[in-house]
Amino acid sequence: MLLATQLLRALHRPTQKRYGGLFKVHTMNEDAKVQQTAKVLKRANEESEDCAEKLQNSKRIKADEDHNEEEKKYPKKKVVLLMAYSGKGYYGMQRNPKNSQFRTIEDDLVTALIKSGCIPDNHGDDMKKMSFQRCARTDKGVSAAGQVVSLKVRLMEDVLKKINEHLPAQIRVLGVKRVTQGFNSKNNCDARTYSYMIPTVAFSNKDYDANQMSAFRLEPETIQRVNRLFTFYKGTHNFHNFTSQKAFSDPSARRYIMEMSCSEPFIRRDCEFAVITVRGQSFMLHQIRKMIGLVIAVMKGYAKEDVLERSWGAQKVDVPKAPGLGLVLERVHFDRYNKRFGGDGLHERLEWDGEEEEIQAFKEAHIYPSIIDTELEEHSMVSWMATLPIHDFEASAVQTGGDKEPKQDNADEGNGSD
């Protein structure tokens, strides 16, 4: 700019010509002045742009050098992260970058990974660059005590502390372990265990006033019948009636359930609760909630027991879906991976016994209070039970294998979704 100023001054300085021994002052005509001024300004702008570009290139080179130094110091490694979170206020686990108004668990996790320096900030919009994969997609409001994600990170010192510093209290990363380069937390998962915390009034007879929740107590014979009904689910069955838009002929509707049972009841805030535990290879969208909903309908007397076996057949059965509030992803299992790599001397077994105390502490601090307080304040189970009479458990319609199947509503193929 100094050069431009000097040139402009020179342009506007009067010129002198000699006539008959006398000096006469002349000025350049206005058009010439404008053209000359434009040339000077253009030259000055070009020089200014060159300086700015050189400065920007210098900064870019410096940033690349810093990035390369960071990469050398902390090269990317394939790991799994053990996560626990309360799902209240979140629209599930899986992020949707195109729809940022619906906040998900992964949105906050990716932000924390970037801020902690574990992944480059330019990878945040495309986590495939970091080979990111979740073990299970949890639905809106669903919590987790043992979610596992796999990805490549810069494995720096105090990595857990640095990530958690940028996470809200209701999301924690509790463990990290190195895995093989080809590890995929979804594909390598053999089974998933969920729990469902439920007010025991859900198993009362339909004639009982469910608003008297605090007065209800489960009889031993009642819990025995509940567990007998849950045993119907064990084994491999066609669960096309337990998710949305699945045809009976769809092979992916067949799922294997290993265990399902209800624990002894306990008292919280003067009300009785119990925990249902189910372990299976994988679950489809809403499958667990519908499995529980149908048993509740039988226990309350709205449906007969034979509806359970009828639901495996080709007939379309009206299966109610229990509220999502009490559902928790408890644990994911990697038995085959552990057998193959757990004892090779290079990799750890993907088990979390050492983190069990932290897992339980998180559940007691964030998951259980959230479920119980919300249930007692919003009465989601009681409100849902009031809708059971509108279901027709006897009506059915034969669904042929040739029926055109609509596009699935986010149903999860073997990805432990509910």
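Among contacts in the protein chain between residues at least 6 apart in sequence, what percentage join residues at least 24 apart? The figure is 77%, where contact means heavy atoms within 4.5 Å.

**Before you start**

You are looking at a predicted model, in which local features need pLDDT of at least 70 and side-chain atom pairs count only at pLDDT 80 or more, while totals for chains, interfaces and linings use all residues. Residues are numbered from 1 along each chain as its sequence is written, and side-chain values use heavy atoms, with hydrogens and water left out.

**Stop 1: the whole chain**

Show the protein chain as a cartoon and you should find 10 helices and 14 strands. Helices (H or I, at least four residues) and strands (E, at least two) are DSSP runs, numbered from the N terminus. Of the 418 residues, 46% are buried. Here buried means under 20% relative accessible area, exposed means over 50%, and partly exposed lies in between (1.4 Å probe, protein chains only).

Now colour by pLDDT, the predictor's confidence in each residue, from 0 to 100. The chain has a mean of 85, and 77% of its residues reach 70 or more. Select residues 15-27 next: their pLDDT is below 50, and the stretch has 15 contacts in the model beyond near neighbours in sequence. Residues 397-416 also stay under 50, with 54 contacts beyond four places in sequence. Where pLDDT is low, the predicted coordinates should not be read in detail.

**Stop 2: two annotated positions**

Select Y194, which UniProt gives as "binding site" in an unreviewed entry. UniProt positions are in the numbering used here, feature names are shortened, and annotations may be inferred rather than shown by experiment. Y194 sits in strand β7, residues 191-199. Is Y194 buried or exposed? Its relative accessible area is 0%, so Y194 counts as buried.

Then jump to D139, listed by UniProt under "active site", again in an unreviewed entry. Look for D139 in the loop that runs between β4 (133-134) and β5 (143-154).

**Stop 3: R103 and its neighbours**

Centre the view on R103, in the loop between β3 (76-85) and α3 (105-115). With 39% relative accessibility, R103 is partly exposed. Which residues is R103 in contact with, leaving aside its neighbours within four places in sequence? They are Y90, Y91, D108 and P168. Draw a distance between the side chains of R103 and D108: they make a polar contact at 2.7 Å. A polar contact is a pair of N or O atoms within 3.5 Å; within protein, one must be able to donate a hydrogen and the other to accept it, and residues adjacent in sequence count only if both atoms are side-chain atoms. Add G89 as well: its C-alpha is 8.0 Å from that of R103, although the two are 14 residues apart along the chain.

**Stop 4: H237, S282 and helix α6**

Move to H237 in strand β8, residues 235-238. H237 is buried, at 15% relative accessible area. Setting aside neighbours within four places in sequence, H237 has contacts with F232, A253, R254, R255 and W312.

Keep R255 on screen and add S282, whose side chain makes a polar contact of 2.8 Å with the side chain of R255. S282 belongs to the loop between β11 (271-280) and α6 (287-300), and is buried at 11% relative accessible area.

Follow the chain into α6, where 14 of 14 residues are buried. The end C-alpha atoms of α6 are 20 Å apart, which agrees with the 20 Å that its 14 residues should span at 1.5 Å a residue. The expected span is 1.5 Å times one less than the number of residues. Just after α6, G301 has a positive phi of about 95 degrees.

**Stop 5: the kinked helix α9**

Select residues 356-378 to bring up α9, which has 23 residues and reaches 31 Å from first C-alpha to last, close to the 33 Å expected. Where is the kink in α9 centred? Look at K363, where α9 has a kink of about 45 degrees; the bend at a residue is the angle between axes fitted to the seven residues ending there and the seven starting there. The buried residues of α9 include F362, K363, I367 and I371.

**Last stop: positive phi values**

Most residues other than glycine have a negative phi. H379, which follows α9, has a positive phi near 55 degrees. H379 is partly exposed, at 38% relative accessible area. Finish at D158, in the loop between β5 and α4 (159-164). Its phi is positive too, near 50 degrees, and D158 is exposed, with a relative accessible area of 54%.
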